[in-house]
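Reader: Please take a close look at a single part of this model. I would like one connected account, from the chain down to the residue.

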Amino acid sequence: MEDILLIDDDVELCSMLTDYMGRYEFRVHAVHRGDEGLKTARARDWALILLDAMLPGLDGFEVLKQIRAVSDVSVMLLTARGEDVDRIVGLEIGADDYLPKPFNPRELLARMRAILRRRSGSAAKSEPALLRVDDLELDAAARSVLQAGKKIELTGVEFALLEMLMRFPGKVVSREQLSESVLGRKLDPFDRSLDMHVSRLRRKLSEDGSRDEQVKTIRGAGYQLAVNTARQAAEG
Amino acid sequence: MRSLFFKIFAIFWIAQSLIFAISTVLIVRHHFESPDALFDGLHSSLENDARRAAAAYESGGCAAVDALGAEIEQQIALKDAAGRDLCHAPGLPLPPASAVNPTRITSSQAGEQFIWRVPITSSSGKTYFFLLARPHVERPHRLLDDLVHLASPTLPVAIVIGGLTTFVLVLFFTRPIARLRKAARELAHGNLKARVKEPVGRSRFSSGDEFHALLHDFNHMAERLESLVGAQQLLLRDVSHELRSPLARLSVALELAREDASPEMVTQLNRMERETEKLNQLIGQLLTLSSMEAIERIDRFEPVSLNQIVAQMIPDAQYEASQRQSSVVFLGENDCTVQGNRHLLYRAIENVLRNAIQYTNPGTEVEIRVAARQDKAGRSVCVVEVSDRGPGIPETEIGAIFRPFYRVDRARSQETGGFGVGLAIAERAVKLHGGQVSGRNRSGGGATIRMEFPSAKTAAGSTEHQSE
């Protein structure tokens with residue numbers, strides 16, 4: 001049983017979702033106000049938080065911002081269909097994924113599972129658990145990332161993204177590939193969420209401002225993790 | 001100076017009166033000099049000639065008088081005080097000798113000639129009569145000369161004054177009409193914010209007439225139109241928003257029901273789910289449309305390759321077409337890049353393409369063509385043409401296909417599952433990129449939707465223009 005926090009003001013929808021997800025080994029705890037939701041989110045560890053963007057008490061984005069200030073818990077944002085801005089803002093603030101409302105509950109379930117799978121890590125896979133590129137060190141088993149020995153806090157998506165890029169250092173990883181392995185779905189040309197996650201990751205990796213951008217955008221192809229030698233060659 | 005009626009009336013009245021007054025003044029000044037002055041000049045000239053003739057006679061006899069006659073090119077004669085002929089030019093008919101008043105200059109007509117009779121006293125004190133004849137020349141009457149002569153002050157005055165006043169009058173008519181026309185045209189092109197600029201604080205002369213009232217009414221109408229359309233859009237958006245919550249609950253309830261359902265109910269539940277999904281899509285499209293109508297212009301432009309976009313959507317389109325036993329052919333003539341929003345461009349082209357796939361007959365091809373062309377004004381444009389082999393568009397309704405919820409054939413769209421919103425979204429997206437979209441029927445059946453975007457270079461110019 002995974003514990004899920006559902007923050008949505010639609011009481012009836014919450015009760016139905018609680019019923020529905022209960023059948024799939026998810027224990028849903030529903031809260032209907034933003035401020036209460038934030039309190040509950042901080043009160044304990046959750047496997048996943050489902051957060052509606054429009055909430056009474058405290059706006060969904062504000063809740064997300066305050067959650068992110070203290071925790072890297074996976075958050076899935078439920079946005080209003082047709083409001084592209086909501087989606088982009090949500091991903092910028094640090095949502096792991098989003099789903100436009102109204103959604104098909106089966107899709108919600110699939111997305112939740114994808115996020116949780118990422119969380120639980122690739123330990124079971126045959127790939128090496130410890131990856132090292134330049135001064136970056138990623139431990140897939142411990143789910144930790146060190147940059148020059150300093151710990152960097154990454155959300156689940158960002159971690160999976162970096163892991164994927166570090167598996168192919170200096171090589172271009174296509175957006176399609178990243179979308180399928182990191183977000184667990186086919187690349188949708190409308191969907192800018194991958195780019196949003198990359199830009200957040202990029203920001204976190206160059207927080208001290210002194211270093212070059214390690215994650216490069218290759219226009220029309222994908223993303224690339226620059227390795228030191230390649231960077232030197234580019235500079236020389 | 002309020003009403004237009006009064007303006008026209010006043011201007012014409014002033015024009016007529018001015019023409020009459022100025023012409024009269026000019027005619028009077030020009031033609032009616034004092035008659036005395038005229039005669040004085042004539043008399044002094046005649047007396048001068050007479051004096052010279054008398055002097056010539058006294059010094060050189062008739063030969064000298066004849067010489068004078070030759071010199072002044074007149075037939076002249078000289079008589080003494082008693083009326084006897086002294087010298088007489090040949091051919092000069094003599095007037096009857098009945099001198100009414102021998103001391104005055106008199107004239108008389110003899111046959112074809114005027115004869116002036118001038119009494120003169122020479123320097124030696126003798127009195128003579130000097131006779132001078134002018135042939136009576138019949139001046140030919142020429143119509144044009146007479147017209148010019150008679151019309152000379154009136155006509156130019158009428159032309160100038162009439163021209164000036166008519167010019168002013170025409171200004172009163174055309175300036176507000178031109179403004180009105182510009183605004184009406186903008187309004188017709190869908191810019192509901194278009195208004196006629198009302199002359200504020202300008203001369204009191206132009207404010208308050210019928211045109212001014214018309215401009216005011218037009219603006220009022222445009223405002224009303226804008227608020228009505230705005231309210232309609234808002235209603236559409238709000239309704240769509242409000243429909244989302246029950247739909248979300250319905251989806252979950254359906255899923256719950258499906259899990260509890262007996263096998264024979266699954267078919268019905270599947271059908272319900274399909275319809276729910278359709279409703280869902282419709283709401284999504286409506287919200288897209290209304291949010292696009294709310295955008296005035298795109299704020300972030302980036303160069304976007306149309307070929308790349310089309311190539312990206314081909315696999316999905318191909319799959320969709322294969323479901324209907326048709327196929328999609330991509331004819332990329334040459335690479336074409338426009339300035340715009342990738343997302344919106346994708347959406348526009350995809351909607352048109354999917355629409356074509358829905359309408360094309362089974363077993364036929366949908367063609368999508370990307371080409372760089374020159375438009376009528378010589379600017380380079382990117383053209384995307386999507387052609388199908390479907391039923392085509394009734395000629396009378398070609399302009400209507402981009403209206404939301406317009407469908408050529410209601411029965412058919414039931415089967416294809418469209419809502420008639422796709423083309424409206426496409427049109428809006430194309431317009432936001434400064435492009436145009438049009439539809440036409442193909443020879444051999446089917447329809448072609450043509451989208452025209454300003455190409456990257458041209459668009460860069462227009463972007464600068466927009467940001468001004």
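Author: Start with the contacts in chain A of this predicted model. Take those with a separation of 6 or more: 54% of them link residues 24 or more positions apart. Chain A has 236 residues, and 39% of them are buried. Its secondary structure comprises 9 helices and 12 strands.

Next, the side of chain A that touches chain B. Here 19 residues of chain A are in contact with 20 residues of chain B. Two helices of chain A, H1 (11-22) and H5 (105-120), each supply at least two residues of this side. H1(A) gives the largest share, 6 residues. By type, the chain A side holds 10 nonpolar, 2 polar and 7 charged residues.

Now the close-up, in chain B. Strand E9 of chain B covers residues 365-374, and Val366(B) is found in it. Is Val366(B) buried or exposed? Count the other C-beta atoms within 10 Å: there are 28. The cut-off for a buried residue is 20 or more, so Val366(B) is buried.

Which residues does Val366(B) touch, leaving aside those up to four places away in sequence? Ala321(B), Ser326(B) and Val328(B) are among them. So are Ala356(B), Ile357(B) and Thr360(B). Val386(B), Ser387(B) and Asp388(B) complete the list. Take one of these partners, Ser326(B). Val366(B) and Ser326(B) stand 40 residues apart in sequence. In space, their C-alpha atoms are 7.6 Å apart.

Notes: Residues are numbered from 1 along each chain as its sequence is written. Chains are lettered from A and ligands numbered from 1 in the order in which they are written. This is a predicted model: local features need pLDDT of at least 70, side-chain atom pairs count only at pLDDT 80 or more; totals for chains, interfaces and linings use all residues. Helices (H or I, at least four residues) and strands (E, at least two) are DSSP runs, numbered from the N terminus. A residue is buried if 20 or more other C-beta atoms lie within 10 Å of its own, exposed if 12 or fewer, and partly exposed in between; C-beta atoms are placed from the backbone. Two residues are in contact if their C-beta atoms, placed from the backbone, lie within 7 Å. Ala, Val, Leu, Ile, Met, Phe, Trp, Tyr, Cys and Pro count as nonpolar, Asp, Glu, Lys and Arg as charged, and the others, Gly among them, as polar.
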